[in-house]
Amino acid sequence: STTLLQIINKKLKQEHTLERVYFNGMSFGQNAEFHWDDTRDEARTLLLYVLPCYKWEWGGHTMFLDEQHKDFSVAPCPNRATYFPARILHKAFSFVENSAPLRVSLAFKLTKKN
């Protein structure tokens, strides 16, 4: 996790401390709720999608809602990452096809240094 944090800090050109890191897995048909990860201004989340392959028809996007409830989503393409303030409402959607693999992301809970 120390090496990965160094890579994250270098790629983002910003220093962070690592609060925790863990894998999320969702199988077909699982539901998630909209939530925020943290309410502190300096809290950040980085989700790294670690699937070996992805088909667009599987769905499985992460949806974000801003304060005006405008939504946008990120597809869980292999090796794609999304970085966002942890206080943004978001939710993961499971894949819509039973034959799709487990939807897996690696979540980094970070604190942005000033």
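Tutor: Before we start, one definition: helices, of at least four residues, and strands, of at least two, are DSSP runs numbered from the N terminus. Please also keep in mind that this is a predicted model.

Student: Thanks! Let me begin with empty space. What shows where empty space is left?

Tutor: Rolling a probe the size of a water molecule over the atoms does that. In this structure, the largest pocket has a volume of about 220 Å³, and the second largest pocket holds about 170 Å³.

Student: Which residues lie nearest the centre of the largest pocket?

Tutor: Those are Asn-24, His-35, Leu-47, His-90 and Ala-92, out of 15 residues that line the pocket. By character, the lining of the largest pocket divides into five nonpolar, six polar and four charged residues.

Student: Which strands each supply at least two residues of that lining?

Tutor: There are β1 (16–26), β2 (43–49), β6 (89–92) and β7 (103–112). Keep β2 in mind, as we will meet that strand again.

Student: And the second largest pocket: which elements each supply at least two residues of its lining?

Tutor: Here the helix α1 (2–12) and the strand β2 do so. The largest share, five residues, comes from α1. Among the lining residues of the second largest pocket you will find Leu-4, Ile-7, Leu-46, Leu-48, Asn-79, Ala-81 and Phe-108.

Student: How many of the lining residues of the second largest pocket are nonpolar, polar and charged?

Tutor: Eight are nonpolar, one is polar and one is charged. You can set that beside the five, six and four of the largest pocket.

Student: Now the strands. What holds the strands of a sheet in pairs?

Tutor: In general, they pair through backbone hydrogen bonds, either parallel or antiparallel. Take β2 here: β2 and β7 pair in the antiparallel sense over seven bridges, with Thr-45 standing opposite Lys-109 in β7. β2 is also joined by five bridges to strand β5 (residues 81–85), again antiparallel, and there Leu-48 stands opposite Ala-81. Both Leu-48 and Ala-81 belong to the lining of the second largest pocket.

Student: Why is β2 described as largely enclosed by the rest of the structure?

Tutor: Because six of its seven residues are buried. Buried here means under 20% relative accessible area.

Student: I also see an open sheet. In what order do its three strands come?

Tutor: The order is β4-β3-β6, and the pairing is antiparallel. β4 (71–74) and β6 stand at the edges with a single partner strand each, so one side of each is left without a neighbour in the sheet. Neighbouring strands of this sheet are turned by 20° against each other on average, direction ignored. For a close-up, look at β3 and β6: four bridges join them, and Thr-62 stands opposite Ala-92 in β6. Ala-92 is one of the residues nearest the centre of the largest pocket.

Student: Let us turn to aromatic rings. What describes a pair of them?

Tutor: The distance of the centres and the angle of the planes. The count here comes to six aromatic pairs. One of them, Tyr-54 with Trp-56, is edge-to-face, at 5.4 Å centre to centre and 80° between the planes.

Student: Which of these two residues is buried and which is exposed?

Tutor: Tyr-54 is buried at 13% relative accessible area, whereas Trp-56 is exposed at 55%. Another pair, Trp-58 and Phe-95, is tilted: 5.3 Å centre to centre with 50° between the planes. That pair links distant parts of the chain, with Trp-58 in the loop between β2 and β3 (62–65) and Phe-95 in the loop between β6 and β7, 37 residues apart. Trp-58 counts as buried at 6% relative accessibility, and Phe-95 is buried at 2%. Tyr-54, Trp-56, Trp-58 and Phe-95 form one aromatic cluster.

Student: Last topic, the backbone. Where is Lys-13 placed?

Tutor: In the loop between α1 and β1. Its phi is near 55°, a positive value in a residue other than glycine, and Lys-13 counts as exposed at 75% relative accessibility. Asn-79 also has a positive phi, about 65°, although it is not a glycine. You will find Asn-79 in the loop between β4 and β5, exposed with a relative accessible area of 67%. Asn-79 is also one of the residues lining the second largest pocket.

Methods. Residues are numbered from 1 along each chain as its sequence is written. This is a predicted model: local features need pLDDT of at least 70, side-chain atom pairs count only at pLDDT 80 or more; totals for chains, interfaces and linings use all residues. Side-chain values use heavy atoms; hydrogens and water are left out. On a 1 Å grid over the protein atoms alone, a cavity is a set of points where a 1.4 Å probe fits but cannot get out, and a pocket is an open set with protein on both sides within 12 Å along at least five of seven lines; lining residues have an atom within 4 Å of a point. Grid points are joined across faces, edges and corners, and a volume is the space filled by probe spheres set on the points. Ala, Val, Leu, Ile, Met, Phe, Trp, Tyr, Cys and Pro count as nonpolar, Asp, Glu, Lys and Arg as charged, and the others, Gly among them, as polar. Rings of Phe, Tyr and Trp (its six-membered ring) pair if their centres lie within 6.5 Å; planes under 30 degrees apart count as stacked, over 60 as edge-to-face and the rest as tilted. Buried means under 20% relative accessible area, exposed over 50%, partly exposed in between (1.4 Å probe, protein chains only). Two strands pair if DSSP finds at least two bridges between them. Axes are lines fitted to C-alpha atoms, for helices over the stretch in contact, and angles run from 0 to 180 degrees between N-to-C directions.
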